[in-house]
Amino acid sequence: MTASAREPRRVIFTADGPALVEGPLEVVTADGRTLRCDRFTVALCLCRRSADYPLCDTSHRKRRRTAPED
């Protein structure tokens, strides 16, 4: 199957958590590592708190962002 014949990947941004990407997929990190994820949904960390960055380990749940005060 050619790339043009495949369905596009869906990326879902959550309010206070990771970006959810329909898998399987490969993630190439800034340092050149390639991570292969064969799950049907992969959570990518957006807060950079994950010990397994760029994959989410739910570290965002430990500290919630607070709304800016006026």
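Which residues form the largest nonpolar core?

## The nonpolar core

In this predicted model, the largest nonpolar core has eight residues, namely Val21, Leu25, Val27, Leu35, Cys37, Val42, Leu44 and Leu55. Strands S3, S4 and S5 are the elements that give two or more residues to this core. One of the core residues, cysteine 37, has a relative accessibility of 11% and therefore counts as buried, since the limit for that class is under 20% relative accessible area.

## The chain as a whole

The protein chain holds five strands and zero helices, and when read along the sequence it follows the pattern β-β-β-β-β. Of its 70 residues, 26% count as buried, while the chain exposes about 6000 Å², of which carbon and sulfur atoms supply 50%.

The contacts of the chain can also be described by how far apart their partners lie in sequence. Among contacts between residues at least 6 apart in sequence, 18% join residues at least 24 apart.

## Leucine 44 and alanine 19

Leucine 44, one of the residues of the largest nonpolar core, is found in strand S5. When residues up to four places away in sequence are not counted, leucine 44 touches Pro18, Ala19, Val21, Val27, Pro54, Leu55 and Cys56. Among these partners, Val21, Val27 and Leu55 are also listed in the core. Leucine 44 and leucine 55 are eleven residues apart in sequence, and their C-alpha atoms are 4.6 Å apart in space.

Alanine 19, another partner of leucine 44, belongs to strand S2, which covers residues 19-22. Alanine 19 counts as buried because its relative accessibility is 4%. The C-alpha atoms of alanine 19 and leucine 44 are 5.1 Å apart, although the two residues are 25 residues apart in sequence. Leaving aside neighbours within four places in sequence, alanine 19 is in contact with Val11, Ile12, Phe13, Val42, Ala43, Leu44 and Leu46.

## A nonpolar patch on the surface

Three of the residues in contact with alanine 19, namely Val11, Phe13 and Leu46, form a nonpolar patch on the surface, and together they have about 310 Å² of accessible area. Leucine 46 is placed in the segment after strand S5, a strand that spans residues 41-44. With a relative accessible area of 44%, leucine 46 is partly exposed, whereas alanine 19, with which leucine 46 is in contact, is buried.

## Salt bridges

How many salt bridges does a search of the whole structure find? The search finds three. In one of them, glutamate 22 pairs with arginine 10, and the closest N and O atoms are 3.7 Å apart. Glutamate 22 lies in strand S2 and arginine 10 in the segment before strand S1 (11-13), so this pair ties together parts that are twelve residues apart in sequence. Glutamate 22 is partly exposed, with a relative accessible area of 34%, while arginine 10 counts as exposed at 51% relative accessibility.

In another salt bridge, the side chains of glutamate 26 and arginine 36 meet with an N to O distance of 3.0 Å. This pair links distant parts of the chain, with glutamate 26 in strand S3 (residues 25-28) and arginine 36 in strand S4 (residues 34-37), ten residues apart. Arginine 36 is exposed, and its relative accessible area is 65%. There is also a salt bridge between the side chains of aspartate 31 and arginine 33, with an N to O distance of 3.4 Å. Aspartate 31 counts as exposed at 58% relative accessibility, whereas arginine 33, with a relative accessible area of 41%, is partly exposed.

## Cysteines without a disulfide

A disulfide is a covalent bond between the sulfur atoms of two cysteines. A search of the whole structure finds zero disulfides. Why does cysteine 45 not form a bond with cysteine 47? The sulfur of cysteine 47 is the closest cysteine sulfur to that of cysteine 45, but the two are 3.8 Å apart, which is too far for a bond, because a disulfide requires a pair of cysteine sulfur atoms within 2.5 Å. Cysteine 45 is buried, with a relative accessible area of 8%, and cysteine 37, at 11% relative accessibility, counts as buried too.

Technical notes:
Residues numbered from 1 in each chain as written. Predicted model: local features only at pLDDT ≥ 70, side-chain atom pairs only at ≥ 80, totals over all residues. Heavy atoms only, no water. Helix = DSSP H or I, 4+ residues; strand = E, 2+ residues; numbered from the N terminus. Buried < 20%, exposed > 50% of the residue type's maximum accessible area, 1.4 Å probe, protein only. Contact = heavy atoms within 4.5 Å. Areas by Shrake-Rupley, 256 points an atom, 1.4 Å probe, with all protein chains shown as cover. Patch = residues over 30% accessible without salt bridge, like charges linked within 9 Å, V, L, I, M, F, W, Y side chains within 5 Å. Salt bridge = Lys/Arg side-chain N within 4 Å of Asp/Glu carboxyl O. Core = buried A, V, L, I, M, F, W, Y, C linked by side-chain atoms within 4.5 Å.
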